[in-house]
Amino acid sequence: MGVTMEEDSMLFLIALFLVLLLPIFADIWVKYNYRKYLKVENSSGMSGSDVAHMILDKNGIGNIRVNQASGFLSDNYSHGKGCQAVNLSDKVYGTNTVASLAIAAHECGHALQDKDGYSMMRLRGSLVPIVNAVNKFSYLLVVLGVIFPFVGLGWIAVLTISCSLLFQIVTLPVEFDASKRALQQLEDLDIVGQEEMAGVRSMLRSAALTYVAAVAASAIQLLRILAIVKRRR
C-alpha cells in the first residue's frame, strides 16, 4: 500500500515539527540548568578559572592558557598548533558556582583528550575543513537537487547533509568522553562534594542532550530529503 498525499503531508509536518522542536527543547533545558546552578555556590570556593588551572596543572599541561571570553555559554577549547587554550565565558571564568566548575572541568576534558591524542577528537578535527567547505554550498544544492532531480544534484544534497550528520555523530563520543573526564577529575582532585556532584552531572547531561538532539534532528531531515529525492526520480 502506497502512502497517500494526505498521509505524506502529515509525515512531512511531523518531521518538520521534530526537526524544529528537538534542538529548541535541548537548548531550553541546558539554559535552565545553567541558570539554576549558576546561583548555587560550590563549597570549594573555586572559580571556573581556578578549577581549570588546577586540572591542567595536575595533569602536566599547565602551559595551556585559560582565557576569559565574552558571550553566553561560549565556553570552548581551542587546540590549534601552538595555541591551545581553555576559553571560559565571563560568568564561568570568575564565579565560584556549581555551573562554573562543571563547565570549566568539561572544557579541560577536551584538553586532556588533546594531550592523550584521543582518536575521535582527531577524527573530528580532520572533518572540520571538509564540513566547512561542503556547508558553503549545501543549501544551494538542496534547493537545486529538489527542483532539478534529473541532473543528480538531489543525491549531492543528500551527501552534503550526510557529511554534516557524520560530523555531529563523531562529535557525540568526543563530548561524552570530555564529560566523563571532567567528572573523574573533579572526584580525583576532591573539588566537589556528593551533593554538588549531582548538580554537576545534571549540567553535563543537559549539555550532552543538545548534541543528541542535533543528531536526531539532522537524521530526520536527511531521511525526509532522501524521500523527496527518491520520489522525484
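## A tour from helix α4 to the largest pocket

Begin by selecting α4, residues 98-116, in this predicted model, and set its end C-alpha atoms against expectation: at 1.5 Å a residue, a helix of 19 residues should span 27 Å, and because those end atoms do lie 27 Å apart, the two values agree. Colouring by accessibility next shows that α4 is mostly covered, with 16 of its 19 residues buried. Step then to G117, the residue that follows α4, where the phi angle is positive, near 65°.

From here, turn to the largest pocket, whose volume is about 500 Å³. Which residues should be selected to find those closest to its centre? They are D75, H106, E107, E175 and Y211, out of the 21 residues that line this pocket. To see the surrounding framework, display α1 (5-37), β2 (76-78), α4 (98-116), α5 (119-147) and α7 (194-231), each of which gives two or more residues to the lining; the largest share, 5 residues, comes from α7. If you colour the lining by residue class, 10 residues appear as nonpolar, 5 as polar and 6 as charged.

For the last stop, select G193, which sits in the loop between α6 (153-188) and α7. Is G193 buried, partly exposed or exposed? Its relative accessibility is 29%, and because this value falls between the 20% and 50% cut-offs, G193 counts as partly exposed. Finally, add S44 to the selection: although G193 and S44 are 149 residues apart along the chain, their C-alpha atoms are separated by 8.8 Å.

Notes: Residues numbered from 1 in each chain as written. Predicted model: local features only at pLDDT ≥ 70, side-chain atom pairs only at ≥ 80, totals over all residues. Heavy atoms only, no water. 1 Å grid on protein atoms, 1.4 Å probe; cavity = no way out; pocket = protein on both sides within 12 Å on 5 of 7 lines; lining within 4 Å. Points joined across faces, edges and corners; volume = space filled by probe spheres on them. Helix = DSSP H or I, 4+ residues; strand = E, 2+ residues; numbered from the N terminus. Nonpolar A, V, L, I, M, F, W, Y, C, P; charged D, E, K, R; others polar. Buried < 20%, exposed > 50% of the residue type's maximum accessible area, 1.4 Å probe, protein only. Expected span 1.5 Å × (residues − 1).
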